[in-house]
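Subject: Structure handover

Hello,

Here is the structure I said I would pass on. Please look it over first; my notes on what was found follow below.

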Amino acid sequence: METKEIYNNVPVLQADDEANKKSTEIREMFSSVLEKLCIREESIPFRESVDFSQICTSKTFATSKFIDLAIIRKKLELNYYTDPWNFVNDVWMMFQNTWLYNRKSSKVYKCCSVLAEIFESEINECMQKLGYCCGYRYVFEQPILHCCSKKSCLIQKCDEYYTYENELTQDDDVICVADDLDQSNIFLKKNLFIKKNNNYVETEPFVKCYCCDKEFHQICVLYIKRSNSQPFVCDNCQKNGKSEMKIIKDKCITKQLQKTELSNHIENRVHNYLKSKNIETGELTVRVLSSFKKTVNVKEEMKKRFVNQGIFPENFPYIAKALFVFQNIDEVDICIFGMHVQEYGCDCPTPNIGRIYISYLDSVNYFSPKQFRGDVYHEIILGYLDYVKRLGYASVHVWACPPPEGDDYIFYKHPINQKVPNHKRLDNWYRKILEKGIAENIILTNEDFIDKIINDKLLSILEFPYFENDFWPNILEENLKILNTKEQQQNNEFNSSTEETSNIAKNTYFETEISVLIRNAYKKLEELFFIFKLRDTQPIWNLSLIQDPDPLINCEFMNGRENFLLFSRENHLEFSTLRRAKFSSLVLLHELIYSKNEKKIIYICNRCKCNIETRYHCLVCADYDLCLVCWSKEKHPHEMHILKTNIFEKTFEDLNKKIEIKDSKINSIETCIDALLHACLCRNKNCVLFGCLRMKRILSHFRICNVKETSNCSICKQLTTVCWYHAKKCQVS
């Protein structure tokens, strides 16, 4: 395609005086930015048009993507741009084409990177003068995909991969690949797989101002759209009095979260520490966001060896808690610290009784002032240790393991400049907690559990505390498998006249071998283990009754770090930058506070596209509603009646209560059935369909659950109920 042909395809804008005035303002504002790009020597490859049809072999590449500085200049001179974002998007499209179809080592690629830096520095000031938030092009980082093979390889961004997509039909030629690895393998031809590239880029969403129709980054303006939220009005329109609505800003709403005795104790300790050091900082708020009962089941090899003989418990009940800390930065409450713990109370059998396991601990480096960040985190943990000691817990266990590179424990996407601590740094960090705890008489001592293993002071492996997702249960399970193989080979060597003598010999052999295996396994590792001993109580099962005064707090997306990470990934709640951390924290708070009170039936204004409750409904047009503000501005040709949703619901609440409960139950069951049918056929580990990953976890739990046969598992009960409802109405033979 030649340059003249492209110029001829640029339409001349035919618009009213207001649009011409706006396009003239844009031309005058952005002409200087364009000139600064053109005068650079690096812009030479971009001054003339390039035939992308010779570079790109993809049939999906549209001719509308052909863009260069010459075309942009032509559009600007002809007053084609009536929206500043169109100019910004054209420039960024030129950069993206260059980065996509040139190698990083090429000269054109490097020139493009230099021009992009110049453009970013110049366009931001121009856009702010025009009343916009900024001129940056923000995109979300490509997620790391997981390969479905047994190796579970990671597919990094820009890596090529192959995918096979199932179709949810009843045709005989549809091939369904079993999700369970224990089932028989189904072989597929390679030509059935589609080659793809993990280079999908998703830009940040925009919101439009209700008064001036300007578009702003949703994250820049921190606008959260809820079912009862007000329409977005920019700061300029609010200052100029263009909006008649009273805008309510709720950026500091952490105080509305439920308080507990634990959160009050830690919060008071941190505040007292800041006062004693005369540290001026944003207000810190501590809250327990989740507290629910859970059970860890003993793994298969341990169950065969000890549980079936009645010398080890089958499961251990505990209370899982999620504790988070928020700091007010720039008048916004930002989540900076998170901790997940497992509390095994007096109702738990030995060896877990009276023990606590800190399963996950994570933070983002936005605390200010940063020189006191580590000390404040120490005070949070010491405050927790002091509180649980008063409740009667005897010890707190910590497995200090830094996360693998690119992995996240609690927060999704950490800041780039935040370093991942190594083993030595983690060791020093926890030893400072130990020293402070001993000085304040919170911690009695650090029980050296590893010394018992290495020096053979451990009487039995049954003394190992059995925590969920801990290091030791996995090590025990692996070594038991190895020992079982050796034991089968040594069975002929144990010849005795009585079965009792044989059992004693086998147990002696077992105890010796398992100790050696575990000792060798630890010496090969660099893991750090701390046991903070809080009470000098021997034996541990003589502890006084532990009574937690705090109520249970059930929150689906906060019950476990996996649920929170999944919720963050689905909603792009990143903590990679301060602006995104502000928005992610606000979404989290709004979901915790407002989601339970929002209505399931949502009405949207046809003019401003905002969610409304009190609405004007047209009696002629099909499904046409207006909010109060739009109704006062727009002269609709038909008669409209006001409908107040809350009054209507309250008036007929008693009459329709039974019907609503029945309908909601049926709708929820049908939703679960649809999710179950999709999850059984879906082979995509990174499926973005809401509910798919959660249903796959439920199916995986159902396959390995040992309690479902006795009907004591609530999760398996619900899945069985869903399957029963589906089977009752299923018409497929």
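To start with one pair of residues: Tyr357 has His397 of strand E13 as its bridge partner. This is a predicted model, so please read everything here as computed from that prediction. The two strands concerned are E12 (residues 355–363) and E13 (residues 395–400); they run parallel and are joined by four bridges.

Both strands belong to an open sheet of seven strands, in the order E9-E10-E11-E12-E13-E15-E14, with mixed pairing. Strand E9 (284–297) and strand E14 (445–446) are at the edges; each has a single partner strand, so one side of each has no neighbour in the sheet. As background, strands of a sheet pair through backbone hydrogen bonds, either parallel or antiparallel.

For the protein as a whole, the secondary structure amounts to 22 helices and 20 strands. The protein has 733 residues, and 43% of them are buried. Its accessible surface is about 41900 Å², with 50% of that belonging to carbon and sulfur atoms. Of the contacts between residues at least 6 apart in sequence, 68% join residues at least 24 apart.

Next, the interior. The largest nonpolar core has 80 residues, and those touching the most other members are Phe324, Ile336, Ile380, Tyr384, Leu385, Phe532 and Met558. Helix H11 (residues 373–391) gives the most to this core, namely ten residues. Beyond its neighbours within four places in sequence, Tyr384 is in contact with Leu262, Ile266, Met339, Val341, Glu343 and Ile356. There is also a second, separate core of 31 residues, which includes Ile67, Trp92, Cys112 and Ile118.

On the surface, Tyr162, Leu192 and Phe193 form a nonpolar patch, and together they have about 300 Å² of accessible area. Leu192 is located in the loop between strand E4 (160–163) and strand E5 (194–197). Leu192 counts as partly exposed because its relative accessibility is 37%, and partly exposed covers the range between under 20% (buried) and over 50% (exposed).

One last residue is His423, which is in helix H12 (residues 423–439). His423 has a relative accessible area of 23%, so this residue is partly exposed as well. His423 and Leu528 are 105 residues apart in sequence, while their C-alpha atoms are 7.4 Å apart in space.

Regards

How values were computed. Residues numbered from 1 in each chain as written. Predicted model: local features only at pLDDT ≥ 70, side-chain atom pairs only at ≥ 80, totals over all residues. Heavy atoms only, no water. Patch = residues over 30% accessible without salt bridge, like charges linked within 9 Å, V, L, I, M, F, W, Y side chains within 5 Å. Areas by Shrake-Rupley, 256 points an atom, 1.4 Å probe, with all protein chains shown as cover. Salt bridge = Lys/Arg side-chain N within 4 Å of Asp/Glu carboxyl O. Buried < 20%, exposed > 50% of the residue type's maximum accessible area, 1.4 Å probe, protein only. Core = buried A, V, L, I, M, F, W, Y, C linked by side-chain atoms within 4.5 Å. Contact = heavy atoms within 4.5 Å. Pairing = 2+ DSSP bridges.
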